[in-house]
Amino acid sequence: MNSPPGSTVAITADAWERAVASIEEAETVCLACHVSPDGDALGSMLAFAQALRVLGKPFTASFGDVFVVPRILRFLPGLDLLTDPGDYPAEPDVMVTFDAASRDRLGSLAANARKAREVIVLDHHASNTRFGTTHLVDPGAAATAAVTERLIDRLGVPLTHDMALGLYVGLVTDTGSFKYAATTPEVHALAGRLLATGIRPERVAREVWDRAPFGYLPVLSAALGRATLEPEVAGGLGMVWTTVTRADRAAHGLPYDLLEGVIDVVRRTDEAEVAVVFKEDDEGAWQVSTRSKGRVDVGMACVALGGGGHPTAAGFTLHGEVRHAVERLRELLAQIEVVNRT
């Protein structure tokens, strides 16, 4: 049974104690977040890296595969603390992972995690496979940032502005700027503590949501122009889906990492409970984002397709044709129980 959003009941006292002891006793600590990091993954890891620096604890922090920080996150403090994954220790003594529901989500650093003596998993995904030795996993937490803040506190490190900024970015991105159901009094209390360090929320909002190069507009227009509404899907609740191709982006010089906001426009469709955006990356694979308004668990569908996430926000990677994936989504959404929610 999941704990309430924003709580830490799901994490045992023994797990907290073991995590703190492992970090305090380690000569060096290796940090990793999931590939193509979002605000929660990277913000949490950078905040924790800065906490380790306060403790005087040597560390390595990185993420696997394409080692490029998304443009919308390049304002985060602590980017200078990152290390190329090629220089990551092959057999870490203590490794801490952030926002990764499975070892595979670590990409090229998954091999390092397999060889680590101790793996401390910080996460809030219900689909977490518990691939570590110590699990600080709370499916009820609004963001991994909320779990990370608790660990920093248990290590006795006071929050600085820069640590709090990373955590705040994780919190606001995973709650949709406090719009999603995971937003609770505890979430707002945490946000208040973070803001008390001097964070300017309007500056965060501008960097994360309110800016894009001009080329984004025609790419968004192309995606919206080919959007398809299927009202009969998900038991008649409806699905809307679209694609963003490499050709779309190439025509306007738009990098892949600026496509994150497309799903937020598509999901506004009144006639569709489920929204899906297929985004073709630079290697030709489709990175698929799905959203639900709360009555259909898209996380279950994405797990069946090799991905994962939350009931209302999840994704998967597709190596194949979009039309086949759409067909499979229709089938899966027909099998998922609809929640009666007004």
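Aspartate 65 sits in the loop between β2 (59-63) and β3 (94-98). The model is predicted. In this model, the phi angle of aspartate 65 is near 60°, a positive value in a residue other than glycine. Aspartate 65 counts as partly exposed, because its relative accessibility is 47% and that class runs between 20% and 50%.

Arginine 130 also has a positive phi, near 55°, and is likewise a residue other than glycine. Its loop lies between β4 (118-123) and β5 (134-137). At 44% relative accessibility, arginine 130 is partly exposed.

Glycine 253 belongs to the loop between α10 (246-252) and α11 (262-266). Its relative accessibility is 63%, so glycine 253 counts as exposed. How far is glycine 253 from isoleucine 120 in space? The C-alpha atoms of the two residues are 40 Å apart, and 133 residues separate them in sequence.

The table sets out these three loop residues.

| Residue | Loop | Relative accessibility |
|---|---|---|
| Aspartate 65 | between β2 (59-63) and β3 (94-98) | 47%, partly exposed |
| Arginine 130 | between β4 (118-123) and β5 (134-137) | 44%, partly exposed |
| Glycine 253 | between α10 (246-252) and α11 (262-266) | 63%, exposed |

Next come two helices. Helix α1 covers residues 13-25, which makes 13 residues. From its first C-alpha to its last, α1 reaches 18 Å. That is close to the 18 Å expected at 1.5 Å a residue. Which residues of α1 are buried? They include Ala15, Trp16 and Ala19, and also Val20, Ser22 and Ile23. Seen down the axis of α1, the buried residues fall within an arc of 165°, so they line one face of the helix. Asp14, Glu17 and Glu25 are exposed on the other side of α1. A general rule fits here: an α-helix has 3.6 residues a turn, so residues three or four places apart point the same way.

Helix α13 spans residues 322-335 and has 14 residues. At 1.5 Å a residue it should span 20 Å, and its end C-alpha atoms are indeed 20 Å apart. Val322, Ala325, Val326, Leu329, Leu332 and Leu333 are the buried residues of α13. These cover an arc of only 125° around the axis, which puts them on the same side of α13. Ala334 and Gln335 are exposed on the other side.

The model also holds an enclosed space. There is one cavity of 30 Å³ or more. The largest cavity has a volume of about 30 Å³. Its lining is made by Val240, Arg267, Ala272, Glu273, Val274, Ala275, Arg291, Ser292 and Lys293. Which elements give two or more residues to this lining? They are the strands β8 (274-280) and β9 (286-292). By class, the lining has four nonpolar, one polar and four charged residues.

Finally, the record. An unreviewed UniProt entry annotates residues 29-170 as "domain: DDH". In the model, that span is 31% helix and 18% strand. Its end C-alpha atoms lie 21 Å apart. UniProt also lists "domain: DHHA1" at residues 256-334, again from an unreviewed entry. Over residues 256-334, the chain is 32% helix and 28% strand. The end C-alpha atoms of that span are 31 Å apart.

Definitions and conventions. Residues numbered from 1 in each chain as written. Predicted model: local features only at pLDDT ≥ 70, side-chain atom pairs only at ≥ 80, totals over all residues. Heavy atoms only, no water. UniProt positions renumbered as here; feature names shortened; annotations may be inferred. Helix = DSSP H or I, 4+ residues; strand = E, 2+ residues; numbered from the N terminus. 1 Å grid on protein atoms, 1.4 Å probe; cavity = no way out; pocket = protein on both sides within 12 Å on 5 of 7 lines; lining within 4 Å. Points joined across faces, edges and corners; volume = space filled by probe spheres on them. Nonpolar A, V, L, I, M, F, W, Y, C, P; charged D, E, K, R; others polar. Expected span 1.5 Å × (residues − 1). Buried < 20%, exposed > 50% of the residue type's maximum accessible area, 1.4 Å probe, protein only. Arc of directions from axis to C-beta.
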